[in-house]
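This report describes one protein model, starting with the whole chain and moving on to single residues. Please keep the structure open while reading.

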Amino acid sequence: MNKESANQPDLNNLQDRLANSNEMFRTLAENTPAIIYILQGERFVYVNPSFINISGYSKDEAYQMTFWHFLTPESQTVTIKNMELRKENPNLTLRYEVQARAKDGQLYWLDLNTSPFTFNGKPATLVSAFDITKLKADEEALRISEARFKALSDASFEGIIISENGICINANQRACQFLGYEYEEMVGMPVSAMISPESRETVQRNMVNGYELPYEATVVGKDSALYHVEIQGRMFSYQGRQVRAASIRNLTFRKEQELEIEKHTRRFQALFYNSPDAVVLCDLNLLISDINPCFTELFGYNRQECLGQPLDQILVPHDLKHEYDTHVRLVLDGNTSVTETIRRTKDGRNINVIVKVIPVEYFGCFVIYSDISDRKRQEATIKQQLDELEKKNAEMERFTYTVSHDLRSPLITIKGFAGLLIDNLKRGQLERLDQDLERILNAANKMDDLLHDLLELSRVGRLLNPFTQFSMTDLVQEVVELITGSMQNKEIEILVSPALPDVVADRARIFEVMQNLIENGIKFMGDQTKPCIIVDVYDNNDEFIFSVSDNGIGIETRYYDTIFGLFEKLNPNVEGTGIGLSIVKRIIEFHQGRIWVESSGPGRGSTFYFSLPKLYYAN
Ligand code: ADP
């Protein structure tokens, strides 16, 4: 046996083996970072350096104390429970956590491992422990931060899902509710299972690439319903791991709302832009926010010129500002107002409009302008036609009266002389027979003339010949030849302008006009020694004005209108029915022309003018 082997303990020897084992325990216990102590009953019989280090007590101080001294009241309770267990089963190894107090009052946590032990031949408890104070603090911090996260994320209006490697590791209430899963179902579920197949690739790509901007996708709920959502993801560190948090906002409702709004907007725009009325949208300050095309058409302003402009400055004529202000007050009180008024266009025209102002809550108002110029014109035309009709009615009344009166006078003559004739015949007095019969005949002729002229007048309204193009020079020439042929001993000079144009009209009727006017000129020449009649023309843009002048008896200004009336004769002794100028006037009016007379006074001649519109004859 060598020296070395002589120093070796004899492991077969029980004493040596125990000593060796004690030595090994001591070495281990003295050097381990673990806290090791041995209790016999409630007292420390061994404490290692790590225990001294953490508790702050020296070995001697520790050996003077029971271990209850070290424990917080809560940990004492836990320990008592474990000791009960130990009593039932003495060989049990127990592991539990306690909180202890160091000499300086600091609290620390220990993870205890207690096992039955024999120390110095007596039963004891061997306790090995680890300082888990930091771990506990970390756990608490984590618990607090998780609670805070949960509270925050549950309060969020958006769904929040935290995933790690594509697996959901946390989700807030809203995300669970939204997708229809329980929290426990969500956690552990692959994120891809919550995404619709068509969005899956996009979502996965964004998760892998750490894309952080919002994007739209479709998610699928537990009940397979699809929801259009906006997702925004972000990588962050969670419990020391790199995870991805994604907020999910349901756009389906918003999309539906947007669609609804768009539908309304489209309908409104269709109405606004296609309205046959001019419409302007004003804000609460009555500044123009928008106008429709009809507004531009009616008032001449384009959109650019109107936007932001005060409505009244653009449209309201100065003298109507007061009326406008009254409107504004009504509208600001939330009333709809309708007025018929006048508004000014860009080029300074005043137009008749009906303005309807409809207040729009929180925004301003719509102002609708209906152009009633046409209606106004029609009203004016109707009024004019009514006036004319009234005039015609009055004329008709006068006509009936005059006709019956003028027709009656030859009849009375006829009746009177016929009675006389019979009396004279009865008495056999035949000497006045010829004279009386002639009177009867004259009266009958006068009636015939009257009826003829009346018939002629009524014809003018009913019978117009087709319009043709003809030379006025030729026509006047023919009239002059006709008249001078039937003239006896009257040396009258008739001068016809060489400038008479071609016209398009009813030739036969214009012939009547010329004949009538020239014949009147001759008839009312008086005792003029150098009688003269001039037919002339004046080119007045879109019409010709013809004139027939004489140097005869003339006409007083007050008769300028009356002579065109029926049966109007300024001198009752002059032959004629007084219908001629009425017929002439009617013919000219049927040609859309005018007729009037001017005279320098009695004895100074008269000039009759009539106009004919320039018409173009298409063969
Ligand atoms: P008539 O058919 O009997 O000729 P008119 O209607 O032609 O009657 O004329 C009406 C009246 O107008 C005449 O009776 C006359 O007093 C007046 N008058 C018409 N032409 C002239 C004229 N050239 N100069 C003066 N008086 C005229």
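The text below covers the overall form, the aromatic rings and then a few residues.

## The whole chain

The model is a predicted one. The protein contains 19 helices and 22 strands. Its radius of gyration is 63 Å, whereas the globule rule gives 25 Å for 619 residues, so the protein is more spread out than a compact globule. Along the principal axes, the C-alpha atoms fill a box of roughly 210 × 55 × 45 Å.

How much of the protein counts as buried? Of the 619 residues, the share is 37%. The protein exposes about 37,900 Å², and carbon and sulfur atoms supply 53% of that area.

Contacts can also be sorted by how far apart the partners are in sequence. Among contacts with a separation of 6 or more, 48% join residues 24 or more positions apart.

As for charge, there are 66 positive and 87 negative side chains. The centres of these two sets lie 5 Å apart.

## Aromatic rings

A search of the whole structure finds 20 aromatic pairs. One of the pairs is formed by phenylalanine 178 and tyrosine 227, with 5.0 Å from centre to centre and 55 degrees between the planes, and it is tilted. This pair links distant parts of the chain, as its two members are 49 residues apart. Phenylalanine 178 belongs to helix α7 (residues 173-179), and tyrosine 227 to strand β9 (residues 226-238). Phenylalanine 178 has a relative accessibility of 17%, and therefore counts as buried, the limit being under 20%.

Elsewhere, ring pairs join Tyr37, Phe44, Phe51, Tyr57 and Phe70 into a cluster.

## Isoleucine 35

Strand β1 (residues 35-40) includes isoleucine 35. With 3% relative accessibility, isoleucine 35 counts as buried. Which residues does isoleucine 35 contact, leaving aside its neighbours within four places in sequence? They are Asn48, Ser50, Phe51, Ile54, Leu110, Val127, Ser128, Ala129 and Asp131. Phe51, one of these contacts, is also a member of the ring cluster described above.

Isoleucine 35 also gives a sense of the distances in the model. From isoleucine 35 to glycine 605 is 151 Å in space, C-alpha to C-alpha, and the two are 570 residues apart in sequence.

## Residues in loops

Four loop residues are listed here with their relative accessibility.

| Residue | Loop | Relative accessibility |
|---|---|---|
| Serine 196 | between α8 (183-186) and α9 (197-209) | 0%, buried |
| Leucine 251 | between β10 (241-250) and α10 (252-274) | 1%, buried |
| Leucine 286 | between β11 (278-283) and β12 (288-291) | 13%, buried |
| Glutamine 592 | between α19 (580-590) and β21 (595-599) | 65%, exposed |

Serine 196 is in contact with Thr218, Val219, Val220 and Leu226, leaving aside its neighbours within four places in sequence.

For leucine 251, again leaving aside neighbours within four places in sequence, the contacts are Glu216, His228, Val229, Glu230 and Glu256. One of them, glutamate 230, is 21 residues from leucine 251 in sequence, and the two C-alpha atoms are 6.5 Å apart.

Leucine 286 touches Gln309, Pro310, Leu311, Tyr324, Val328 and Cys365, not counting residues up to four places away in sequence. Between leucine 286 and cysteine 365 there are 7.7 Å in space, C-alpha to C-alpha, for a sequence separation of 79 residues.

What is the phi of leucine 286? It is near 60 degrees, which is a positive value in a residue other than glycine. Glutamine 592 likewise has a phi near 60 degrees, and this residue is also not a glycine. Is each of these two residues buried or exposed? Leucine 286 counts as buried because its relative accessibility is 13%, and the limit is under 20%. Glutamine 592 is exposed because its relative accessible area is 65%, and the limit is over 50%.

Technical notes: Residues are numbered from 1 along each chain as its sequence is written. This is a predicted model: local features need pLDDT of at least 70, side-chain atom pairs count only at pLDDT 80 or more; totals for chains, interfaces and linings use all residues. Side-chain values use heavy atoms; hydrogens and water are left out. Helices (H or I, at least four residues) and strands (E, at least two) are DSSP runs, numbered from the N terminus. The radius of gyration is taken over C-alpha atoms; the globule rule is 2.2 Å times the number of residues to the power 0.38. Buried means under 20% relative accessible area, exposed over 50%, partly exposed in between (1.4 Å probe, protein chains only). Contact means heavy atoms within 4.5 Å. Accessible areas come from the Shrake-Rupley method with a 1.4 Å probe; for residues, only the protein chains shown count as cover. Lys and Arg count as positive and Asp and Glu as negative; His and the chain ends are not counted. The place of a charge is taken as NZ of Lys, CZ of Arg, CG of Asp or CD of Glu. Rings of Phe, Tyr and Trp (its six-membered ring) pair if their centres lie within 6.5 Å; planes under 30 degrees apart count as stacked, over 60 as edge-to-face and the rest as tilted.
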